[in-house]
Amino acid sequence: MSQMPQQTALPKCPSCAEPVEPGDLFCGACGYDLSVVPAPPPDRPALPLTGSAPPGNGAGAPGPVPDGQPSGAGQPAGTGVRFDAPAEPDEYPLQAPDPRQAAGGAAPAGAARLCVACRAGRVDDDGYCENCGHAQPRERDHMERESGPVAAVSDRGLRHHRNEDAFAVGHTTLPDGTPAALAVVCDGVSSATRPDAASQAASQAAGDTLLAALPHGTHPQQAMHEAIVAAARAVDALAGEPATAREHAPHQNAPACTIVGAVVTPGLLVVGWVGDSRVYWVPTDRSAPPARLTEDDSWAAQMVAAGLMSEAEAYADERAHAITGWLGADAYELEPHTASFTPDRPGAVVVCTDGLWNYAETAQEMSEVVPPDAAARPLHGARVLVGHALDGGGHDNVTVAVLPFPAPSPGAGSV
């Protein structure tokens, strides 16, 4: 079926859309001044894909190609590629101002955040680049904090998409004026709902409880017990907040995490825990033996305690890291573990998640990777230990806090 040729439509008035004659200066219908309408740019028709040249350009079928000249050179015909188009620019206009053109000035307040990957696209409210789609680093992907003589570092690791660990560090004074430092480390249970929220709530609640109780004369071991109970309540509360949190995933379990903490004073070291995060004691004098101060709430630890397997056999089993104690609304009834020690020499206290001790499991292995000056430079020591885990593969989130023992006088800090 063929089509009849159609006449070219007359131009229309931009005001009332009535046809106007070529050369008219005013619209006969509405009186619009047609002289203010700019002339359209010269038409550059796209070449058809059928092999014929555009009508009216005077070109016919392609002629022979001279020897030595690539096919298609010269006037193109029989191709859908424009050889007469202007050259493509090396760089295309960016969706956001190019930071390379900024004169090093700071971004104005309220300016859109730029992507760390392409350095061009704006970052949307969900944390993704609108230009390249790259997920932006979250605030919790890597955290470092000092508080007086104690410091902690937490890192997402190399395999996880987010950091589900959290920590709290602080320092205060006892009623007699002696110093006290504390650290709490929590590891979110990945198989639970919102493990990152659980670890954050638990570490915050425990840290606040310790900082409130110690200056009022509560014994550090009793304060640690109260801190773990407060952390458990904070995690339990997440199971019902918000009311629609489990609406789309009704079969998921409640938020959960492990917890471990330490308090150091001039003469006492107190630890407390639920789960499989640990505390290690590493004396400054490495001729003295180091020690692990906590016992895991895990399948492997139960097998060893029951005499059913050796420690090497238990931890080589694929069930080794299945925890038997945790904080959460669906946790078993479990009394928080606390213990107190009176070291007879100075040293460093290492509080960590299994993201570190997986790469330095025994006390001796841990003492070999703790820097000799960790007690004097706790932030540096924590950085080194996190780096050790990342160098080992970084299969898990890793969080480490380092406290010097005995607790130094107020004002002392990391170097």
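Two residues are in contact when they have heavy atoms within 4.5 Å of each other. In this predicted model, contacts between residues at least 6 apart in sequence show a clear pattern: 61% of them join residues at least 24 apart.

**Overall make-up**

The protein has seven helices and 12 strands. It runs to 415 residues, and 39% of them count as buried.

**Helix α2**

Helix α2 covers residues 220-238, which makes 19 residues. From first C-alpha to last, α2 reaches 27 Å. That is close to the 27 Å expected at 1.5 Å a residue.

Which residues of α2 are buried? They are Pro 220, Ala 223, Met 224, Ala 227, Ile 228, Ala 231, Val 235 and Leu 238. Seen down the helix axis, these buried residues fall within an arc of 140 degrees, so they line one face of α2. What does that face pack against? The buried residues of α2 pack against one helix, α1 (195-213). They also pack against the strands β5 (256-264), β6 (269-274), β9 (327-328) and β10 (337-341).

**Cavities**

The model holds two cavities of 30 Å³ or more. The table sets them side by side.

| Cavity | Volume | Elements giving two or more lining residues | Lining residues by type |
|---|---|---|---|
| Largest | about 50 Å³ | β3 (165-173) and β4 (179-188) | seven nonpolar, three polar, no charged |
| Second largest | about 30 Å³ | β7 (278-283) and β11 (347-352) | eight nonpolar, two polar, one charged |

Ten residues line the largest cavity. Those nearest its centre are Pro 149, His 171, Pro 179, Ala 180 and Pro 408. Strand β4 gives the largest share of this lining, three residues.

The second largest cavity has a lining that includes Val 282, Pro 283, Thr 284 and Arg 286. Gly 347 and Ala 348 also line it. So do Val 370, Pro 371, Pro 372, Ala 374 and Ala 375. Which of these lining residues is charged? It is Arg 286, because Arg counts as charged, and Arg 286 is in the lining.

**Backbone points to check**

Where is the cis peptide bond? It joins Phe 405 and Pro 406, with omega about 0 degrees. Pro 406 sits in the segment after β12 (398-405).

Arg 194 has a positive phi of about 50 degrees, although it is not a glycine. Arg 194 lies in the loop between β4 and α1. Is Arg 194 buried or partly exposed? It is partly exposed, because its relative accessible area is 26%, and buried would mean under 20%.

**Ala 288 and its contacts**

Ala 288 is in the loop between β7 and β8 (291-292). Its relative accessibility is 9%, so Ala 288 counts as buried. The cut-off for buried is under 20%.

Which residues does Ala 288 touch, leaving aside its neighbours within four places in sequence? Ala 288 is in contact with Pro 283 and Arg 345. Ala 288 and Arg 345 are 57 residues apart along the chain. Their C-alpha atoms are separated by 9.2 Å. Pro 283 also appears in the lining of the second largest cavity.

Terms used. Residues are numbered from 1 along each chain as its sequence is written. This is a predicted model: local features need pLDDT of at least 70, side-chain atom pairs count only at pLDDT 80 or more; totals for chains, interfaces and linings use all residues. Side-chain values use heavy atoms; hydrogens and water are left out. On a 1 Å grid over the protein atoms alone, a cavity is a set of points where a 1.4 Å probe fits but cannot get out, and a pocket is an open set with protein on both sides within 12 Å along at least five of seven lines; lining residues have an atom within 4 Å of a point. Grid points are joined across faces, edges and corners, and a volume is the space filled by probe spheres set on the points. Helices (H or I, at least four residues) and strands (E, at least two) are DSSP runs, numbered from the N terminus. The expected span of a helix is 1.5 Å times one less than its number of residues. Buried means under 20% relative accessible area, exposed over 50%, partly exposed in between (1.4 Å probe, protein chains only). The arc is that of the directions from the helix axis to the C-beta atoms.
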